[in-house]
Structures are given as C-alpha cells and as structure tokens.
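Trainee: I have a structure open and would love to talk through a few of its details. Could you take my questions one by one?

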Amino acid sequence: MLSWSNSSATPLSQLLSFIFTFLSFLPRTSRASDSEWIDYSADGYATMTHYSLPENFIAACGCTTTSTNYPTAAMNQMAYGSSTSYGPACGQCFNLTLLNSFLSNPPFYPNVTKSVIIKVTDLCPLSQSGWCNATTHGPNAGGHYVNFDLAWPSSSIPDDFFPSNASTLCYQSVSCTNWEGWNRAAALGSVANLGYSACCPDNPTGSTNDTCPSYSDDNGIPPDTHTSESALSSSISLFLVLPLAVSLLSYLF
C-alpha cells in the first residue's frame, strides 16, 4: 500500500516520497549471483516435452498474444538464459525434428520425419528433477542440456505430431522468416503495455540490438521489441508518474 500521510512533511517532500515509493513498484531487472547459463550450440540434440499454453496467453518473454496461434515452445531455464521474464532465447526460432520417444515401451520411432519450426516464447523453470533441470554441472534425465517444452495441443500443430512420452530430437537454429507466424505482423514483437518487463524480438540474430539480455544478470534496458501495431509506448510505466504527481499536487495545494 502506498502512503504519504506524514503530517510533518512539506508538500514537496511528500511528493518526492510518493514518486520514489511509486517507482519502487515498477518492473526492474535484478542481478543474479553466480549464474551459469548453458552455452548450447546452434544445432544439436535435445529432449522435448509438452505443456498446455492457452491461446492469447502472455508467456515469459512477453510476446504478442497472437503468437500463440503458431508453433511456440518454452526452453529450459539455464539454456533460456534467465531465471524470470525474458532471456536471450526469447524470439529465437528452431526447427525441431523428432527422433524417438525413449520412454515408450516398446520404443517409438516415427515412420516419417516429423518436423516443426517453433519460436521460443516461454521459460521452463529450473527444478531439482524433471526435464528442465539441466545445468552446466550435468544434463537432464535424457542426457541432454537443452529441453524444448512444446506448447501442445495447438491449432498450428497436427494432433499426431507429439508422441505420448518425452522424446529426443535434433534441432537447428533457423531464421524466424521460416516460422509459420512470420507473415502475421500481429504475431511478432512483444506486448507494449508490459514495458521493460517484456522482450520478444521478431528475428534475433545474436546482435545486442535485436537480442534480449538476461533479465537476471543484465541491468540495462533491452532492445525495443514492441509490436508496431500497438499504440502503447514501451515506457508507459514511467508516464504514469506524471498524472499521479499532478493529482497529488492538486490535493496538497
């Protein structure tokens, strides 16, 4: 709760106190100590699981809600590159090709090659066990350091694409111009009214100009990746201070 009821304070000091208190509630980055992010290769092998992501849901990267109409996935935390909110993996696109479902009995091997190009929009949190628990000290239970948690079932992915158990796959980094949602401007970029707590580039290349920093380890401001279709400014949170300050001054004087 915000409070500025100190009767001994001057109107100016009350105003300043209110503004600083309000600013303390705005989203900001925090620095994590001793972070050990997984430096995965552009192409390799990984495990794949799946989770339910409702359509029009804003996931960790803050990608536009329309992105959920196309193939998306979460990435395990230490490869994703952040402990919360956006990370360097946000907006990256990968071609995922199923190899087998090693937990199936008997083992499952697809008769035909099944692939899907996904965009990373979410974080699969680090845990003590499970498929997203890989760290630089060791892989997950499938023997891999990367896990893609596919948003499935999905209107954009065939119902028979995903086997019933965790799978192994090969992945290749690809340009997001190959992603199914690329031709829909509303599916690209991040949500503006989340301010600096969102970062979802259209097609990140690794450059600092179009790739999200770690929300946990980088105190700087991420690139402006907000969709051009939104009328809201990426710095909307700061503009809220001005009308509040004016209202307070009117009350005090």
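Trainee: Which side chain of opposite charge is nearest to K119?

Mentor: Happy to help; this is a predicted model, where local features need pLDDT (the predictor's confidence in each residue, from 0 to 100) of at least 70, side-chain atom pairs count only at pLDDT 80 or more, and totals for chains, interfaces and linings use all residues. Residues are numbered from 1 along each chain as its sequence is written, and side-chain values use heavy atoms, leaving out hydrogens and water. K119 is buried (under 20% relative accessible area, 1.4 Å probe, protein chains only) yet has no salt bridge, meaning a side-chain nitrogen of Lys or Arg within 4 Å of a carboxyl oxygen of Asp or Glu. With Lys and Arg counted as positive, Asp and Glu as negative, and His and the chain ends not counted, the nearest side chain of opposite charge, 5.9 Å away, is D202.

Trainee: Which residue has its backbone oxygen 3.1 Å from a polar atom of the K119 side chain?

Mentor: Look among the contacts of K119 (heavy atoms within 4.5 Å) beyond four places in sequence, which include W179, C200 and D202. The backbone oxygen lying 3.1 Å from a polar atom of that side chain belongs to P201.

Trainee: Is S85, with its positive phi, buried or exposed?

Mentor: Most residues other than glycine have a negative phi. Phi of S85 is near 55 degrees. Its relative accessibility is 13%, so S85 counts as buried.

Terms used:
Buried < 20%, exposed > 50% of the residue type's maximum accessible area, 1.4 Å probe, protein only. Polar contact = N/O pair within 3.5 Å; in protein donor to acceptor, adjacent residues only side chain to side chain.
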